[in-house]
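Visitor: I have a model open and would like to learn how to read it. Can you take me through some features, one at a time?

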Amino acid sequence: MQQVRAVVARAKGEPVTVETINVPDPVVGEAVVRIQSCGVCHTDLHYREGGINDEFPFLLGHEAAGVVESVGEGVTAIAPGDFVVLNWRAVCGECRACKRGDLQYCFATHNATQKMTLDDGTELSPALGIGAFAEKTLVAAGQCTKVDPSARPAAVGLLGCGVMAGIGAAINTGAVGRGKSIAVIGCGGVGVAAVAGAALAGASPIIAVDIDPKKLEAAKRLGATHLVDSSSVDPVEEIKRICAVTYDGAEGADVVVEAVGRPETWKQAFYARDLAGVLVLVGVPTPDMKVPDLPLIDVFGRGGALKSSWYGDCLPERDFPMLVDLYQQGRLDLDAFVTEEIGIDDVEAAFDRMHSGDVLRSVVVL
């Protein structure tokens, strides 16, 4: 058992606090990881606000990189000293999705069996089974993905959630590529990552949609060919116009990624598709949200596919090392996502900056 500092959300809507927690020694199938960096993701704010569940207190943080400190019995895929990016899809290999070969949809991903606790013994609920706003954390060994140890932790740790979710939404879920157009609605960290993924895949045009000029400029730096300020124009009509100019007769984009998670932007994405186009929902809605007044004949008549993207439909052991290699080669600018590096005491203030739109990612560096 070790005692370390960590960021805890004790109650719904209350500011987070930095507290001493207890991290057990790893047992069978577990690992303790010394955290080097962890991105401040909107999902952490969802946890703090009670938007995920009410299993307080939460140990926040999940978008992380670090070094394996110790492993439990039976762990052979990783060893102490390995540099890893943490993932929240530890593939089980036994569920019905895994057995049919769809490991990216694993329905029984696993976490550490032991619980980290507050100093008084109260059990903590780690965000997405990770809890990495901490000097050290306990995870399932399968949540550790080895990558190039020379890579910058603050950059590659972002693959643990937001960047992978966005890149995967475009490439894995949307299957965008050469000869296909894409529009991305919502250009926060995940949306801009979808833009970067589309650029990697050779899509054109790549249309970025947002109401914030700063976010649109970030999308342009990561590969957007067209910017749409949806506060001043109808984004659906503008997406259709751009695509019609590029591909004669096109009635919208081949792929539209919705990275906001709201009914109104989902409907925009639905109608901004070309015939037989793909809509990919990667923005996370709250449980109360519904899409009103969508005629079923429009669902049938436009054809194509309406998809949700779970973690960018990624396989961490396949995708993380590949994307880190692309980063090391200068072909994927992960550094562009790191707006600022902060300390563990600055997470609450980082939530405020997230709301202001001034950052793509604040990254806690330990």
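Guide: Gladly. Keep in mind that this is a predicted model.

Visitor: Let me start with a sheet. What is the strand order in the open sheet of five strands?

Guide: The order is 7-2-1-4-8, and the pairing is mixed. Next, look at the edges. Strand 7 (117-118) and strand 8 (125-126) are the edge strands, each pairing on one side only.

Visitor: In which sense do strand 4 and strand 8 pair?

Guide: Parallel, over two bridges. Strand 4 covers residues 58-59. For a landmark, find phenylalanine 58, which stands opposite serine 125 in strand 8.

Visitor: Phenylalanine 58 has a ring. How do I read a pair of aromatic rings?

Guide: A ring pair is described by the distance of the centres and the angle of the planes. Here, tyrosine 47 and phenylalanine 58 have ring centres 5.0 Å apart and planes at 65°, so the pair is edge-to-face. The cut-off for that label is over 60 degrees.

Visitor: Where in the chain do the two partners sit?

Guide: Tyrosine 47 is in helix 1 (residues 42-48) and phenylalanine 58 is in strand 4. They are eleven residues apart, and the pair links distant parts of the chain.

Visitor: Are these two residues buried or exposed?

Guide: Buried means under 20% relative accessible area. Tyrosine 47 has 6%, so tyrosine 47 is buried. Phenylalanine 58 has 1%, so phenylalanine 58 is buried too.

Visitor: Which residues form an aromatic cluster?

Guide: Tyr47, Phe56 and Phe58 form one. The structure holds seven aromatic pairs. A ring can also have a charged group over its face: arginine 273 lies over the face of phenylalanine 270, at 4.6 Å from the ring centre.

Visitor: Now strand 3. How many of its residues are buried?

Guide: Eight of the ten, in residues 30-39, so strand 3 is largely enclosed by the rest of the structure.

Visitor: What does strand 3 pair with?

Guide: Take the partners in turn.
Strand 5 (residues 63-71) runs antiparallel to strand 3, joined by eight bridges. Isoleucine 35 has glycine 66 as its bridge partner there.
Strand 9 (residues 136-140) is also antiparallel to strand 3, over five bridges. Valine 32 is matched with leucine 138 in strand 9.
Strand 18 (residues 362-365) is joined to strand 3 by three bridges, again antiparallel. Use glycine 39 and its partner valine 363 to find that contact.

Visitor: And helices? How much of helix 4 is covered?

Guide: Ten of the twelve residues in helix 4 (residues 162-173) are buried, making the helix mostly covered. Among the buried ones are Gly162, Val163, Met164 and Thr173. Just after helix 4, check the backbone: alanine 175 takes a positive phi of about 50°.

Visitor: Last, pockets. How much space lies in the second largest pocket?

Guide: About 310 Å³. For a pocket, read the volume, then the lining, then the chemistry. The second largest pocket is lined by 16 residues. Nearest its centre lie Val91, Gly142, Cys144, Thr145 and Glu317.

Visitor: Which element gives the largest share of that lining?

Guide: Strand 10, with three residues. Strand 10 (144-146) and helix 10 (316-328) each supply at least two residues.

Visitor: What classes of residue make up the lining of the second largest pocket?

Guide: Nine are nonpolar, four polar and three charged.

Technical notes. Residues numbered from 1 in each chain as written. Predicted model: local features only at pLDDT ≥ 70, side-chain atom pairs only at ≥ 80, totals over all residues. Heavy atoms only, no water. Pairing = 2+ DSSP bridges. Helix = DSSP H or I, 4+ residues; strand = E, 2+ residues; numbered from the N terminus. Buried < 20%, exposed > 50% of the residue type's maximum accessible area, 1.4 Å probe, protein only. 1 Å grid on protein atoms, 1.4 Å probe; cavity = no way out; pocket = protein on both sides within 12 Å on 5 of 7 lines; lining within 4 Å. Points joined across faces, edges and corners; volume = space filled by probe spheres on them. Nonpolar A, V, L, I, M, F, W, Y, C, P; charged D, E, K, R; others polar. Phe/Tyr/Trp six-rings, centres within 6.5 Å; stacked < 30°, edge-to-face > 60°. Lys NZ or Arg CZ within 6 Å of the ring centre and 35° of its normal.
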